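Subject: Handing over the two-chain structure

Dear colleague,

I am passing on the structure we spoke about, together with some notes on what turned up in it. Please open it first and keep it beside you while you read.

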Amino acid sequence: MADRLLNTLKDERTRLGLTQAELAERIEVSRKTINTIENGVFVPSTILALKLAQALDRPVEQLFRLDGD
Amino acid sequence: MPATTAEIAEKAAWGRARAATVLASTFIAAQAGSFGDDLPLNRPQALHLSAWVVWAAMLMFFLVTGGNIFRSKRLRAILNDESTQDHRRRAMALGFWGTIGAAMFLYVASFYEPLSARLALRLVITVGIAVALLRFSVLERKALKNG
């Protein structure tokens with residue numbers, strides 16, 4: 001079975017009171033990239049995942065995990 | 001209040017997704033109206049068919065670069081970020097399969113109907129480019145929704 005990547009991006013983003021557009025602006029990507037990551041449609045690269053973790057002030061392992069972990 | 005870079009990028013991304021659909025549809029429709037033109041060339045026909053090559057090349061350029069070439073470097077980087085690059089790769093992969101499928105279909109058809117090389121190549125290229133553009137448009141639109 002293919003591995004699935006789960007994330008808490010939406011929860012962490014709303015914790016900080018950010019919209020998708022605001023978070024996108026912080027890490028210089030498009031809003032649709034944030035949208036597709038949150039919906040589990042798009043798997044970000046390591047670099048992008050680290051940028052998200054930095055922007056949300058969370059360890060990357062707290063933002064992303066494999067299904068079944 | 002002036003628009004933020006994110007807002008401009010959002011608007012440009014929507015415009016690009018819609019443009020991809022329109023460009024692909026127009027390209028297909030134009031081919032349908034000119035398939036009978038594949039005759040021994042005189043000068044006006046040569047110009048007409050050469051214009052098609054330029055058109056096809058411009059659509060490929062649009063697909064590969066994402067357009068918006070006169071925008072700032074920062075905005076272009078946002079417009080061509082990771083998810084867009086992923087969509088582009090998937091679109092071009094489907095365009096490849098469309099090209100192969102069209103070529104195989106025409107190969108079989110050539111046993112039943114005479115087909116000039118020029119016509120067959122135009123059909124194959126049209127399918128390849130149109131499929132890629134439409135797929136890109138669909139992927140981008142889906143990603144832009146649900147925001």
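A helix here is a DSSP run of H or I that is at least four residues long, and helices are numbered from the N terminus. Please keep in mind throughout that this is a predicted model.

With that in hand, a first place to look is B:F96, which lies in helix 4 of chain B, residues 82-109. The relative accessibility of B:F96 is 43%, so this residue counts as partly exposed. B:F96 belongs to a nonpolar patch on the surface, which it forms with B:L94, B:W97, B:I100 and B:M104, and together these residues have about 530 Å² of accessible area.

Next comes the place where the two chains meet. The size of an interface is often given as the accessible area lost when the parts come together. Between chain B and chain A that buried area is about 1400 Å², with carbon and sulfur atoms giving 46% of it, and the contact draws on 18 residues from chain B and 15 residues from chain A. There are five salt bridges between chain B and chain A, among them one in which the side chains of A:R31 and B:E10 meet at 2.8 Å, N to O. In addition, 13 residue pairs are in polar contact across the interface of chain B and chain A. On the side of chain B that touches chain A, the elements giving two or more residues are helix 1 (5-32), helix 3 (73-79), helix 4 and helix 5 (117-144) of chain B, and helix 4 of chain B provides the largest share, which is five residues.

One of the polar contacts you may like to display involves A:T33, whose side chain pairs with the side chain of B:S83 at 2.6 Å. A:T33 lies in helix 3 of chain A and counts as buried because its relative accessibility is 0%. If we leave aside neighbours within four places in sequence, A:T33 is in contact with A:F42, A:L48, B:D81 and B:S83.

Which residues does B:H87 contact, leaving aside its neighbours within four places in sequence? They are A:K32, B:F136, B:L139, B:E140 and B:A143. B:H87 lies in helix 4 of chain B and, at 5% relative accessibility, counts as buried. The side chain of B:H87 also makes a polar contact with the side chain of B:E140, at 2.6 Å.

B:E140 leads on to a group of charged residues, for it forms a salt bridge with B:R16 in which the closest N and O atoms are 3.1 Å apart. Since B:E140 lies in helix 5 of chain B and B:R16 in helix 1 of chain B, this pair ties together parts that are 124 residues apart in sequence. Both partners count as buried, B:E140 with a relative accessible area of 0% and B:R16 at 3% relative accessibility. A network of salt bridges links A:K32, B:R16, B:D81 and B:E140.

Helix 1 of chain B also holds B:A20, which is buried at 0% relative accessibility. Not counting residues up to four places away in sequence, B:A20 touches B:F62, B:L133, B:F136 and B:S137. The C-alpha atoms of B:A20 and B:F136 are separated by 7.4 Å, although these residues are 116 residues apart along the chain.

Within chain A, A:E12 forms a salt bridge with A:R15, where the closest N and O atoms are 2.7 Å apart, and another with A:R58, where they are 3.2 Å apart. The pair of A:R58 and A:E12 links distant parts of the chain, because A:R58 is in the loop between helix 4 and helix 5 of chain A and A:E12 is in helix 1 of chain A, 46 residues apart. A:R15 and A:E12, by contrast, both lie in helix 1 of chain A, three residues apart, which is about one turn of the helix.

Finally, a point about the backbone. Most residues other than glycine have a negative phi. A:E28, however, has a positive phi of about 60° and is found in the loop between helix 2 (20-27) and helix 3 (31-38) of chain A. Phi of A:D57 is also positive, near 55°, and A:D57 is found in the loop between helix 4 (46-56) and helix 5 (60-63) of chain A.

With best wishes

Technical notes:
Residues numbered from 1 in each chain as written. Chains lettered and ligands numbered in written order. Predicted model: local features only at pLDDT ≥ 70, side-chain atom pairs only at ≥ 80, totals over all residues. Heavy atoms only, no water. Patch = residues over 30% accessible without salt bridge, like charges linked within 9 Å, V, L, I, M, F, W, Y side chains within 5 Å. Areas by Shrake-Rupley, 256 points an atom, 1.4 Å probe, with all protein chains shown as cover. Salt bridge = Lys/Arg side-chain N within 4 Å of Asp/Glu carboxyl O. Buried < 20%, exposed > 50% of the residue type's maximum accessible area, 1.4 Å probe, protein only. Contact = heavy atoms within 4.5 Å. Buried area = accessible area lost by both parts, 1.4 Å probe. Polar contact = N/O pair within 3.5 Å; in protein donor to acceptor, adjacent residues only side chain to side chain.
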